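Q: Could you go through this model with me and give, for each term applied to it, the reasoning behind the term?

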Amino acid sequence: MRIDLYTDGSAKGNPGPGGYGVVLQAFDEDGNLLKEKELTEGFKNTTNNRMELLAAIVGLEALTQPTQVTLYSDSQYLVKAINEHWLDGWVKRGWKKPDKKPVKNADLWQRLLPLLQLHAVTFVWVKGHAGHPANERCDTLATTAADGNNLREDTGFLSTLF
């Protein structure tokens, strides 16, 4: 089985924050869609980057067993941190940047790490809206899901959510 996971963390007032939307699609060996699941949550007064991270985390946490996952996201922040091995350096430096400043959203990055160790995750940056099929699917699935959020205030809730 293969999972395609689509995330969006900038709905409700694009390109600002507002909530995450995640759609998971499970496929059999022949590429036939077996199941689709949507996960969303809305927040006001938080950052887009936190929403992008939370979308990835919630999507991966929804999987009950180690799985091969392709995660599609329009978040350069999320995908570059993984693909350019920023996390490896952050861990080695005690969650500090090269200039010794703390890594933003370290609580969520730390929550993401064990999920990356559990699942075989490939991150794909769905850049812009250039008509590529992956872009269209991400727009149609995750963005629509995220736009359906009922917003509520973020009063520190994200840091203690899970």
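A: This is a predicted model, and within the protein chain the confidence is highest in strand β4 (residues 68-73), at 93, and lowest in helix α6 (residues 157-160), at a mean of 55. The protein chain averages a pLDDT of 83, with 86% of the residues scoring at least 70.

Q: Why is helix α1 called roughly parallel to α4?

A: The axes of helix α1 (residues 48-61) and helix α4 (residues 106-118) cross at roughly 30° and come within 10 Å. Angles under 35 degrees count as roughly parallel, and therefore α1 is described as roughly parallel to α4. The crossing in which α1 passes α4 is left-handed.

Q: Which residues make the contact of α1 with α4, and what is the make-up of that contact in nonpolar, polar and charged residues?

A: From α1 the contact is made by Arg50, Leu53, Leu54, Ile57, Val58, Leu60 and Glu61, and from α4 by Asp107, Leu108, Trp109, Arg111, Leu112, Leu115 and Leu116. These residues divide into 10 nonpolar and 4 charged, with no polar ones.

Q: What makes Cys138 count as buried or exposed?

A: Cys138, which lies in helix α5 (residues 133-147), has a relative accessibility of 3%. Buried means under 20%, so Cys138 counts as buried.

Q: What is Cys138 in contact with, leaving aside its neighbours within four places in sequence?

A: With those neighbours left aside, Cys138 is in contact with Tyr6, Thr7, Tyr72, Val126 and Thr143. Of Val126 it can be added that it is 12 residues from Cys138 in sequence and 7.6 Å from it in space, C-alpha to C-alpha.

Note on methods: Residues are numbered from 1 along each chain as its sequence is written. This is a predicted model: local features need pLDDT of at least 70, side-chain atom pairs count only at pLDDT 80 or more; totals for chains, interfaces and linings use all residues. Side-chain values use heavy atoms; hydrogens and water are left out. Axes are lines fitted to C-alpha atoms, for helices over the stretch in contact, and angles run from 0 to 180 degrees between N-to-C directions. Helices (H or I, at least four residues) and strands (E, at least two) are DSSP runs, numbered from the N terminus. Angles under 35 degrees count as roughly parallel, over 145 as roughly antiparallel, 65 to 115 as roughly perpendicular and the rest as oblique. A crossing is left-handed if the near helix is turned anticlockwise from the far one by less than a right angle, and right-handed if clockwise. Contact means heavy atoms within 4.5 Å. Ala, Val, Leu, Ile, Met, Phe, Trp, Tyr, Cys and Pro count as nonpolar, Asp, Glu, Lys and Arg as charged, and the others, Gly among them, as polar. pLDDT is the predictor's confidence in each residue, from 0 to 100. Buried means under 20% relative accessible area, exposed over 50%, partly exposed in between (1.4 Å probe, protein chains only).
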